[in-house]
Amino acid sequence: MQIELNDISFSYSKARRRKPAAPPFVLTDIGVTINKGEMLALAGRSGSGKSTFLQLVKGFIAPSLGSVELDGRNPHLTKSAELFDKVGFIFQYPEHQLFANTVYEDIAFGLRAAKLASGEVEAKVRRAMEAVRLDYDEFKDRSPFELSGGEKRRAAIAGVVVLEPGVLILDEPTAGLDLQSRRSLFDLLHKMNREQGITVLWVSFFPFS
Ligand SMILES: Nc1ncnc2c1ncn2[C@@H]1O[C@H](COP(=O)(O)OP(=O)(O)OP(=O)(O)O)[C@@H](O)[C@H]1O
Ligand SMILES: [Mg+2]
């Protein structure tokens, strides 16, 4: 999926719906094209607008000025909000998104909501677990709450990857992980990017300012 941000400015101000949009702008005149299959990292100081940027791409918020286009279409204008469903969004502490009794049920949740046949659900959950390197037989019946930090994160990512998004957005995915888990998470993201062609957009805080 190709993502285009055209001259975007964004303000959280309530008056932003008026024309012209009201300052203060968190983001001003952002223009960027992210091509299918790219892996892009975004770094910036705390409060610089990284999470706001990601939320614009996911469609949680709409730009005050400018437009977002996914595969050449503006979902806010063309009533094609389903385009945003193709954007997988992983929050800073994705383990907070875990809720089911077993890892399997957690990952299967989105597929069940889409009313897939159970054989198909199983095949897809298995593939998603393999993609995040959680052994299917070892982990499928375990409680997601009894996993290590890195395993929880991988289980949460599997729950998004299983829906086969064209884009994977991660907001500071390595926060709170040790060096080894960070490395393994990055290996994983690179692999999914390379082998499945998923566009990956992730945010890191910038430690040098
Ligand atoms: N819902 C909101 N309402 C009003 N202002 C907000 C809201 N969310 C964020 N802001 C403000 O917008 C600015 C950018 O916030 P944002 O969360 O995008 O920064 P960030 O770069 O992700 O920071 P961090 O590295 O700390 O996560 C900050 O000044 C923040 O206070
Ligand atoms: Mg943030």
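**Exercise 1. The setting of E172**

Task: In this predicted model, decide whether E172 counts as buried, partly exposed or exposed, and say where in the chain E172 is placed.

Solution: Begin with the neighbour count, which for E172 is 17 C-beta atoms inside 10 Å. A residue needs 20 or more such neighbours to be buried and 12 or fewer to be exposed, so E172, with its 17, is partly exposed. Next, place the residue in the chain: E172 sits in the loop between β6 (167–171) and α7. Finally, look at the backbone, where E172 has a positive phi near 50° although the residue is something other than glycine.

**Exercise 2. Positive phi at R133 and G197**

Task: Find where R133 and G197 lie, and state which sign phi takes at each.

Solution: R133 belongs to the loop between α4 (118–131) and α5 (136–139). Its phi is positive, about 60°, and R133 is not a glycine. Because 15 other C-beta atoms lie within 10 Å of R133, this residue is partly exposed. G197, in turn, comes just after α7 and has a positive phi of about 70°.

**Exercise 3. The length of helix α7**

Task: Work out what span is expected for helix α7 (residues 179–196), and compare the expected span with the distance between its end C-alpha atoms.

Solution: Helix α7 has 18 residues, and at 1.5 Å a residue the expected span is 26 Å, since the rule multiplies 1.5 Å by one less than the number of residues. In the model the end C-alpha atoms of α7 are 25 Å apart, which agrees with the expectation.

**Exercise 4. Two residues of the loop between β1 and β2**

Task: Classify Y12 and P24 as buried or exposed, and say how far each lies from a partner distant in sequence.

Solution: Y12 is in the loop between β1 (3–10) and β2 (27–34), and P24 is also placed in the loop between β1 and β2. Y12 has 12 C-beta neighbours inside 10 Å and therefore counts as exposed. P24 has 8 other C-beta atoms within 10 Å, so P24 is exposed as well. For the distances, Y12 and W202 are 190 residues apart in sequence, with 22 Å between their C-alpha atoms. P24 and F139 are 115 residues apart in sequence, and their C-alpha atoms are 47 Å apart.

**Exercise 5. The shell around ligand 1**

Task: Describe which residues surround ligand 1, by closeness, by element and by class.

Solution: Eleven residues surround ligand 1, and the closest are Y12, S46, K50, S51 and T52. Of the elements, helix α1 (residues 50–58) gives the most to this shell, with three residues. Sorted by class, the shell holds three nonpolar, seven polar and one charged residues.

**Exercise 6. M129 and L40 compared**

Task: For M129 and L40, give the element, the burial class and the contacts outside the neighbours within four places in sequence.

Solution: M129 lies in helix α4 and is buried, because 24 C-beta neighbours lie inside 10 Å. Apart from neighbours within four places in sequence, M129 is in contact with I107, L134, Y136, F139 and A158. L40 lies in strand β3 (residues 39–44) and is partly exposed, because it has 13 C-beta neighbours inside 10 Å. With the same exclusion of neighbours within four places, L40 is in contact with I34 and L201. The C-alpha atoms of L40 and V203 are 8.6 Å apart, although 163 residues separate the two in sequence.

**Exercise 7. Domains and the whole chain**

Task: State which domains the chain has, what makes up their contact, and how the radius of gyration compares with that of a compact globule.

Solution: The domain assignment gives domain 1 (1–86 + 165–209) and domain 2 (97–164), with 24 Å between their centres over C-alpha atoms. Eight residues from domain 1 and nine residues from domain 2 take part in the contact. The side of domain 1 that touches domain 2 has five nonpolar, three polar and no charged residues. For the chain as a whole, a compact globule of 209 residues would have a radius of gyration near 17 Å, and the chain has 18 Å, which agrees. The C-alpha trace spans about 55 × 40 × 30 Å along its principal axes. Seven helices and seven strands occur in the chain, and buried residues make up 29% of its 209 residues.

Note on methods:
Residues numbered from 1 in each chain as written. Chains lettered and ligands numbered in written order. Predicted model: local features only at pLDDT ≥ 70, side-chain atom pairs only at ≥ 80, totals over all residues. Near = placed C-beta within 6 Å. Helix = DSSP H or I, 4+ residues; strand = E, 2+ residues; numbered from the N terminus. Nonpolar A, V, L, I, M, F, W, Y, C, P; charged D, E, K, R; others polar. Domains from an automatic or database assignment. Contact = placed C-beta atoms within 7 Å. Rg over C-alpha atoms; globule rule 2.2 N^0.38 Å.
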